[in-house]
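Thanks for passing this one along. Below are my notes, set out as numbered points so that you can follow them with the structure open beside you.

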Amino acid sequence: MPAVTDVPAELKELSATLSSIEAVLDVPKLRAEVAELERQASDPELWNDQDNAQKVTSKLSHTQGQVRRVEELRSRVDDAEVLWEMAETEAGSASEASEARAEVEAELGKLTKAIGELEVQTLLSGRYDSREALVTIRSEAGGVDAADFAEMLLRMYLRWAERHNYPTEVYDTSYAEEAGIKSATFQVKAPYAYGTLSVEQGTHRLVRISPFDNQGRRQTSFAGVEVLPVVEQSDHVEIPEDEIRVDVYRSSGPGGQGVNTTDSAVRITHLPTGIVVSCQNERSQIQNRATAMAVLQAKLLERRREQEKAEMDDLKDAGNSWGNQMRSYVLHPYQMVKDLRTEHEVGNPSAVLDGDIDDFIEAGIRWRRSA
């Protein structure tokens, strides 16, 4: 790593960047939000509504984390500036001064990375970016390999959420006959999960020696990822009863094995659009229906958002800048994962498939803003 040539200038630039971030995040407003959420969280009546209580406590934890993160970075930048100035101006041995400079240079690298990561959050300013995320993964072309790849992606995102301590809930899984899954839908229950994961939407491509091919041939398979913002009550997505058809059926697990002896799984068809959603994770038909309706609302909200976006694109005479295929995972004849939009790539597919995708997400968010 090349030596830092002008540490004071680098620190001054970092301090200015952090000041811009503090202004965008509006730290005083965040502190006021923390105080209000703490007041709500201390209300003994709060837990009478479990869903609302979880939202309040989750938002409180997230907002406290935001404030703490900014304050800690500001303190570290200020401390680094003071330590460098002391090394340059105060009396002491040459070895002590050299040690202090080395310490500041090491801290400078860490601060640059941490402030860069925080800066990405300020780019999440879309209408629904602060929402929780509803993610659906589907196997596409490639037969059993595609179904297996879809399950690999499901694990990748769940591991990513686990790394960040984000709660998740899998609502529905449709298992393929031989291996893997046809589709799965899950929710990431964390603020800004939608804004963060929305850059993962698109077609993912896997190239490898197929473990399902007796001749050991190379196989290319595809899986699609859809990311939606979770609907909130304020969205008012009304779905009249005469516009839906509700079917109930018996839940099943891998290989068709019955996991429930009652018809508790629910499938809802939205007749005007043909959208079909299902849920079988709860034993109660009522709970499954409520969850399926929430998923349907999210899909209808996304449909409305896409229509609004299409209208704006027509006004601006702008096409779709995203493109469908967005990332390739190559396991043979070489090891590489590459994002086709941002050109970001790494040579360790195993780590990526184990949930190490933060660098891809950050590059995607920055790319989206610049595009």
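**Notes on helix packing, strands and a salt bridge**

1. Let me begin with a pair of helices: H3 passes H4 in a left-handed crossing. Please keep in mind throughout that this is a predicted model. In the contact of H3 with H4, 14 residues are nonpolar, two are polar and nine are charged.

2. To place that pair on the chain, helix H3 covers residues 50-89 and helix H4 covers residues 94-121. Their axes come within 9 Å and cross at roughly 155°. Angles over 145 degrees count as roughly antiparallel, and H3 and H4 are therefore roughly antiparallel to each other.

3. H3 has a further partner to look at in helix H2, residues 27-41. The axes of H2 and H3 come within 9 Å, with a crossing angle of roughly 145°, and this crossing is left-handed. From H2, the contact takes in Val27, Leu30, Arg31, Glu33, Val34, Leu37, Glu38, Gln40 and Ala41. They meet Val56, Lys59, Leu60, Thr63, Gln64, Gln66, Val67, Val70 and Glu71 in H3. Sorted by character, the residues of the contact of H2 with H3 are nine nonpolar, four polar and five charged.

4. Now follow H4 to its contact with helix H9, residues 358-370. How far apart are the axes of H4 and H9, and at what angle do the helices pack? The axes are 10 Å apart and the angle is about 55°, which makes H4 oblique to H9. H4 passes H9 in a left-handed crossing.

5. Which residues of H4 and H9 meet? On the H4 side they are Gly116, Glu117, Glu119 and Val120, and on the H9 side Glu362, Ile365 and Arg366. By class, the contact of H4 with H9 has two nonpolar residues, one polar and four charged.

6. Glu117 deserves a second look, since besides meeting H9, its side chain forms a salt bridge with that of Lys113, at 2.5 Å from N to O. Both residues lie in helix H4, four residues apart, which is about one turn of the helix. The structure holds 26 salt bridges.

7. Turning to the strands, S2 (residues 168-175) and S3 (residues 181-188) run antiparallel and are joined by seven bridges. If you would like a residue to start from, try Tyr175, whose bridge partner in S3 is Ile181. The hairpin of S2 and S3 has five residues between the strands, and Gly180 there takes a positive phi near 75°.

8. There is also an open sheet of three strands in the order S6-S7-S8, with antiparallel pairing. Why is one side of S6 and of S8 left without a neighbour in the sheet? Strand S6 (244-249) and strand S8 (275-279) stand at the edges, and each has a single partner strand, so one side of each has no neighbour there. From one strand to the next, the twist averages 15°.

9. Within that sheet, strand S7 (residues 265-270) pairs with S8 over five bridges in the antiparallel sense. A handy place to view the pairing is Ile268, which stands opposite Val277 in S8.

Methods. Residues are numbered from 1 along each chain as its sequence is written. This is a predicted model: local features need pLDDT of at least 70, side-chain atom pairs count only at pLDDT 80 or more; totals for chains, interfaces and linings use all residues. Side-chain values use heavy atoms; hydrogens and water are left out. Two strands pair if DSSP finds at least two bridges between them. Helices (H or I, at least four residues) and strands (E, at least two) are DSSP runs, numbered from the N terminus. Axes are lines fitted to C-alpha atoms, for helices over the stretch in contact, and angles run from 0 to 180 degrees between N-to-C directions. Angles under 35 degrees count as roughly parallel, over 145 as roughly antiparallel, 65 to 115 as roughly perpendicular and the rest as oblique. A crossing is left-handed if the near helix is turned anticlockwise from the far one by less than a right angle, and right-handed if clockwise. Ala, Val, Leu, Ile, Met, Phe, Trp, Tyr, Cys and Pro count as nonpolar, Asp, Glu, Lys and Arg as charged, and the others, Gly among them, as polar. Contact means heavy atoms within 4.5 Å. A salt bridge is a side-chain nitrogen of Lys or Arg within 4 Å of a carboxyl oxygen of Asp or Glu.
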